[in-house]
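This report covers charged pairs, a helix crossing and one backbone angle. Please look at the structure before reading on.

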Amino acid sequence: MAGIESNARGDLAGGPLAELAREPDEPPAFRWLRSAGWGAARVLSVLVLALAWELFARSGAVTPFMLPPLSAVLERIWNDLVGGELLLNTGVTLYRAMTGFVIGAVAGIVLGMAISRGKLAHWFFDPIISVGFPMPKIAFLPVVILWLGVYDLSKITMISVEAIFPVVTATVVGIRGVERELLWSARNMGAGERELLWQISLPAALPQIMTGLQVALPIALIVAIVTEMFMGGYGLGGEMKNASRFADSRGAFAGIVEIAVIGYAIVKLMAIVRRRLLLWHQEAMEPTTV
């Protein structure tokens, strides 16, 4: 027996598995170059679009009023940043969007838990969710203005209402999709309903819940912009409305660029949060493009 173990250890030490184990790791410089190359490839399409915008705007095919050059738009953004207007409007918009998103996320998770675990809550709320989810909730904006006015309360209310539906749906689907074997095993070990929910169902449903939050986050920003355009006042949407009212083409396009950059940043930030929260999940082992 000792001889067999010795031979086995010798085969492992000198066999192909050992050769694979002894292969040197990829040099850090090569890994950095490869990551930089993939990063450059991902932004190549954006750079091509920016260059096409600049060349087409300067070709004479359109007037500067219809499509100002990108360089002029970037100059306007820089002037707004130096003057403080960009920071003020961005801060106001993000405050409304994030406040409404947090309210909608918390309410959506709680409501989704109630629907998935309680028959009465399911009987009452399921038809409402089924009818309200595909409906454009922004249609209620005139009514919300009549009830709550044109200030932050009405805007945050609309954002919360829009954000809650994808979170509710994702929470219900995630909790109902938990493997029955896990629940049976926990019950056999003496776990109560509260332990099943907080220690089994919610952690297992977290990937689905995070997907719902990732859907709700850009929706919250979109609704914030739309409500600001409709009601006016401070904010990126309100600034774009003022620019359109005074025929300020550069200001309108500057708002588009600003919203695109901010939206991309918060979506990527949410993806990073997802990876951090799901380090234990199998998707953390899969390649990512973020």
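## Salt bridges

A salt bridge here is a side-chain nitrogen of Lys or Arg within 4 Å of a carboxyl oxygen of Asp or Glu. The model is predicted. It holds five salt bridges.

## Arg76, Asp80 and Asp248

Arg76 and Asp80 form one salt bridge, at 3.3 Å from N to O. Both residues sit in helix 4, which spans residues 70–83. Why are Arg76 and Asp80 about one helical turn apart? They are four residues apart in that helix, so about one helical turn separates them.

Arg76 and Asp80 are both buried. The pair also belongs to a wider arrangement. Salt bridges link Arg76, Asp80 and Asp248 in a network.

## Arg96 and its two partners

Arg96 forms a salt bridge with Asp152, and the closest N and O atoms are 2.7 Å apart. Arg96 lies in helix 5 (residues 85–117), while Asp152 lies in helix 8 (residues 152–176). The pair therefore ties together parts that are 56 residues apart in sequence. Is each partner buried or partly exposed? Arg96 has a relative accessible area of 6%, under the 20% cut-off, so Arg96 is buried. Asp152 has a relative accessible area of 28%, which means that Asp152 is partly exposed.

Arg96 also forms a salt bridge with Glu228. Here the closest N and O atoms are 2.9 Å apart. Glu228 lies in helix 10 (residues 193–231) and Arg96 in helix 5, so this pair ties together parts that are 132 residues apart in sequence. Both Arg96 and Glu228 are buried.

## Helix 5 against helix 8

Two packed helices are described by the angle between their axes and the distance between the axes. What are these values for helix 5 and helix 8? Their axes come within 6 Å and cross at roughly 35°. The crossing of helix 5 and helix 8 is right-handed.

The contact of helix 5 with helix 8 has 18 nonpolar residues by class. Eight polar and five charged residues are also part of that contact. The Arg96–Asp152 salt bridge joins these two helices as well.

## Backbone at Ala247

Which loop holds Ala247? Ala247 lies in the loop between helix 11 (236–245) and helix 12 (249–277). Phi of Ala247 is near 55°. That is a positive value in a residue other than glycine.

Notes. Residues numbered from 1 in each chain as written. Predicted model: local features only at pLDDT ≥ 70, side-chain atom pairs only at ≥ 80, totals over all residues. Heavy atoms only, no water. Buried < 20%, exposed > 50% of the residue type's maximum accessible area, 1.4 Å probe, protein only. Axes fitted to C-alpha atoms, helices over the stretch in contact; angles between N-to-C directions. Left-handed = near helix turned anticlockwise from the far one by under 90°. Nonpolar A, V, L, I, M, F, W, Y, C, P; charged D, E, K, R; others polar.
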